[in-house]
Amino acid sequence: MAQALLPFPQYCNEIRGRNENQGNSSYHGFQLKAEHRFSKGMWALLSYTNSYFINNTDATENIYGPTTFSPFEKQRNRSLAVEDVPQALNIAYNYELPFGVGKALLNQGGVINAIFGGWTFKGVYRVKSWIPFQISSSNCNVPAQFSATCVPALLPNQSPFAQSLDNIDVTKPVLNASAFESANDFSFYTGKGARVQNFRQPGYSDFDIGLQKLVHINERVTFQLRGDAFNVFNAHHFNTVGTSLQGGGVGFAAFDTDVASPSFGTWNGAVTSPRNIQVSGRISF
């Protein structure tokens with residue numbers, strides 16, 4: 001019976017158009033960049049982006065896996081992109097320390113310059129709002145021929161959150177299961193939810209620093225000694241930046257998003273990468 005309802009019922013296996021250009025996207029953004037080179041070896045760069053990104057194709061919509069909606073509801077694929085990050089701020093700076101030959105302090109050659117001269121301190125600070133949630137239901141009694149996913153809608157006048165994202169208690173659910181269509185409803189029914197929901201996971205920030213020294217051995221040979229500390233304050237955020245990548249390189253949810261799961265909305269243990277310190281040396285000639 002289900003086979004007879006498909007657009008091309010005479011074909012019993014899946015039909016995949018590998019070279020079809022059937023997806024589209026729309027991106028609107030405002031970008032601000034300010035760069036200044038100060039005196040005495042100081043440089044700074046600030047960039048800010050405010051954007052809005054919608055599409056009808058993401059990592060969940062591809063030729064190798066099931067589609068989100070049935071062939072008769074393709075218009076529902078258009079939603080926020082899972083990569084939509086509406087606010088992003090980046091600050092970078094570079095400062096040549098005032099020691100050694102040609103500098104204000106310890107302006108001497110020889111051993112003094114070899115130890116204290118040629119050092120540069122640099123850093124990058126990033127902060128951004130985070131990607132939207134994708135809510136689904138593993139309890140989905142729909143004929144396999146439709147290759148559809150059950151997507152519960154957020155009920156009217158309901159908040160999807162069971163607690164504030166500013167102060168998360170990991171022993172309790174972040175998402176409120178009663179705010180969505182019940183998982184028990186998905187019997188020959190796929191829900192009314194959007195492919196990507198218009199509420200968001202916790203945000204993200206990061207602070208990296210570096211210290212490097214250049215040693216000019218002769219006119220042709222230069223030695224660089226460098227130390228870098230990523231996530232220097234060892235901050236942990238409830239997302240997976242730097243640990244696991246999704247289609248757009250933005251990370252997946254740190255919370256159970258299956259409304260049929262007893263652990264719906266609870267933390268799955270995923271956090272951003274911890275502090276990482278590395279030291280390296282390079283010879284250029």
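## Burial and the model at a glance

Buried means under 20% relative accessible area, exposed means over 50%, and partly exposed covers what lies in between. By that yardstick F121, at 29% relative accessibility, counts as partly exposed. We will use these three words throughout this tour, so it is handy to have them at the start.

The model you are looking at is predicted. The protein contains 1 helix and 8 strands, and along the sequence they follow the pattern β-β-β-β-α-β-β-β-β. Of its 285 residues, 34% count as buried. If you take the contacts between residues at least 6 apart in sequence, 71% of them join residues at least 24 apart.

## The opening hairpin

Let us begin with the first two strands. Strand β1 spans residues 25-37 and strand β2 spans residues 42-55, and the two pair in the antiparallel sense over 13 bridges. Within this pairing, S26 stands opposite I54 in β2.

The two strands form a hairpin, with 4 residues between β1 and β2. In the turn, K40 has a positive phi of about 60 degrees.

## Around Q108 and the helix

Q108 sits in the loop between β4 and α1, the helix of residues 110-116. What is the burial state of Q108? With a relative accessible area of 44%, Q108 is partly exposed, because that value falls between the 20% and 50% limits.

Leaving aside residues up to four places away in sequence, Q108 touches G100, V101 and N113.

## D206 and its partner on β5

D206 lies in strand β6. At 9% relative accessibility, D206 counts as buried. Which side chain does the side chain of D206 meet in a polar contact? The partner is the side chain of R126, at 2.7 Å.

R126 also appears among the residues that D206 touches, once those up to four places away in sequence are set aside; the others are V124, Y125 and N231.

## The disulfide

A disulfide is a covalent bond between the sulfur atoms of two cysteines. The count for this model comes to 1 disulfide. It joins C140 to C150, with 2.0 Å from S to S. The link of C140 and C150 is right-handed, with 80 degrees about the S-S bond. Both cysteines are in the loop between β5 (119-128) and β6 (204-216), 10 residues apart.

The two ends of the bond differ in burial: C140 counts as partly exposed because its relative accessibility is 24%, while C150 counts as buried because its value is 0%.

## Aromatic pairs

The rings of this model give a count of 13 aromatic pairs. One of them brings together Y93 and F121, whose ring centres lie 6.0 Å apart with the planes at 40 degrees, so the pair is tilted. Y93 belongs to strand β4 (residues 87-96) and F121 to strand β5, so this pair ties together parts that are 28 residues apart in sequence.

Another pair is formed by F161 and F199, and its geometry is edge-to-face: 5.8 Å centre to centre and 85 degrees between the planes. Both F161 and F199 lie in the loop between β5 and β6, so the pair ties together parts that are 38 residues apart in sequence. F161 is partly exposed, with a relative accessible area of 23%, whereas F199 counts as buried at 8% relative accessibility. These two residues also belong to one aromatic cluster, formed by F133, F161, F180, F199 and F264.

## The nonpolar cores

In soluble globular proteins, nonpolar side chains tend to be buried together. Which residues have the most contacts inside the largest nonpolar core? They are F133, I135, F180 and F255, in a core of 21 residues.

F180 is worth a look in your viewer. Not counting residues up to four places away in sequence, F180 touches I135, P152, A153, L154, L155, P160, F199, V259 and F264. There is also a second, separate core of 5 residues, which includes V82, V85, W130 and I131.

Key: Residues are numbered from 1 along each chain as its sequence is written. This is a predicted model: local features need pLDDT of at least 70, side-chain atom pairs count only at pLDDT 80 or more; totals for chains, interfaces and linings use all residues. Side-chain values use heavy atoms; hydrogens and water are left out. A disulfide is a pair of cysteine sulfur atoms within 2.5 Å. Buried means under 20% relative accessible area, exposed over 50%, partly exposed in between (1.4 Å probe, protein chains only). A polar contact is a pair of N or O atoms within 3.5 Å; within protein, one must be able to donate a hydrogen and the other to accept it, and residues adjacent in sequence count only if both atoms are side-chain atoms. Contact means heavy atoms within 4.5 Å. Two strands pair if DSSP finds at least two bridges between them. Rings of Phe, Tyr and Trp (its six-membered ring) pair if their centres lie within 6.5 Å; planes under 30 degrees apart count as stacked, over 60 as edge-to-face and the rest as tilted. A nonpolar core is a set of buried Ala, Val, Leu, Ile, Met, Phe, Trp, Tyr and Cys residues joined through side-chain atoms within 4.5 Å.
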